[in-house]
Amino acid sequence: LTESTFQYFRTLVKQNTGIELETHKKNMVRNRLLKRLRKLGLTDFESYATFLKQNQTTELPVFINCIT
């Protein structure tokens, strides 16, 4: 999970829930999203970020549910 991808995820969470993810929560985010990546057949978080951008209407609620 690169810093830029983590920042993207943090921004989405803040915009959609009001929850501010601190930088020390990076491992938590990684762990909570790993199962979703596996289910989608993705090998890295950057691919998931791209998928999320391309499918925001359907994937954003799933993403938020994984994180919260």
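## Helix α4 and its two faces

A residue is called buried when its relative accessible area is under 20% and exposed when that area is over 50%, with partly exposed in between. In this predicted model, helix α4, which spans residues 56-67, has as its buried residues E59, L60, F63, I64 and I67. These residues lie on the same side of α4, because the arc that they cover around the helix axis is only 140°. Such a pattern can be read against the geometry of an α-helix, which has 3.6 residues a turn, so that residues three or four places apart point the same way.

On the face of α4 turned away from this buried side are the exposed residues T58, P61 and N65. The buried residues, for their part, are covered by elements that include α1, α2 and α3.

## Packing of α3 against α4

Two packed helices are described by the angle between their axes together with the distance between those axes. For α3 and α4, the axes come within 6 Å and cross at roughly 125°, and α3 is therefore oblique to α4.

The residues of α3 that take part in this contact are Y48, F51, L52, K53 and Q54, and they meet Q56, E59, L60 and F63 of α4. Sorted by class, the contact of α3 with α4 comprises five nonpolar, two polar and two charged residues. Of the α4 residues named here, E59, L60 and F63 also belong to the buried set of that helix.

## Packing of α1 against α2

Helix α1 covers residues 3-17 and helix α2 covers residues 26-40; their axes come within 11 Å and cross at roughly 80°. Because of this crossing angle, α1 is roughly perpendicular to α2.

Here E3, F6 and F9 of α1 meet K26, V29 and L33 of α2. By class, this contact of α1 with α2 holds four nonpolar and two charged residues, and no polar ones.

## D44 in the loop before α3

Between α2 and α3, the latter formed by residues 45-54, runs a loop in which D44 is found. With a relative accessible area of 28%, D44 is classed as partly exposed, because the value falls between the 20% and 50% limits.

The side chain of D44 reaches the backbone nitrogen of E46 at a distance of 3.2 Å. As for its position relative to L21, D44 is separated from that residue by 23 residues in sequence, while the C-alpha to C-alpha distance between the two is 20 Å.

Technical notes:
Residues numbered from 1 in each chain as written. Predicted model: local features only at pLDDT ≥ 70, side-chain atom pairs only at ≥ 80, totals over all residues. Heavy atoms only, no water. Axes fitted to C-alpha atoms, helices over the stretch in contact; angles between N-to-C directions. Helix = DSSP H or I, 4+ residues; strand = E, 2+ residues; numbered from the N terminus. Parallel < 35°, antiparallel > 145°, perpendicular 65-115°, else oblique. Contact = heavy atoms within 4.5 Å. Nonpolar A, V, L, I, M, F, W, Y, C, P; charged D, E, K, R; others polar. Buried < 20%, exposed > 50% of the residue type's maximum accessible area, 1.4 Å probe, protein only. Polar contact = N/O pair within 3.5 Å; in protein donor to acceptor, adjacent residues only side chain to side chain. Arc of directions from axis to C-beta.
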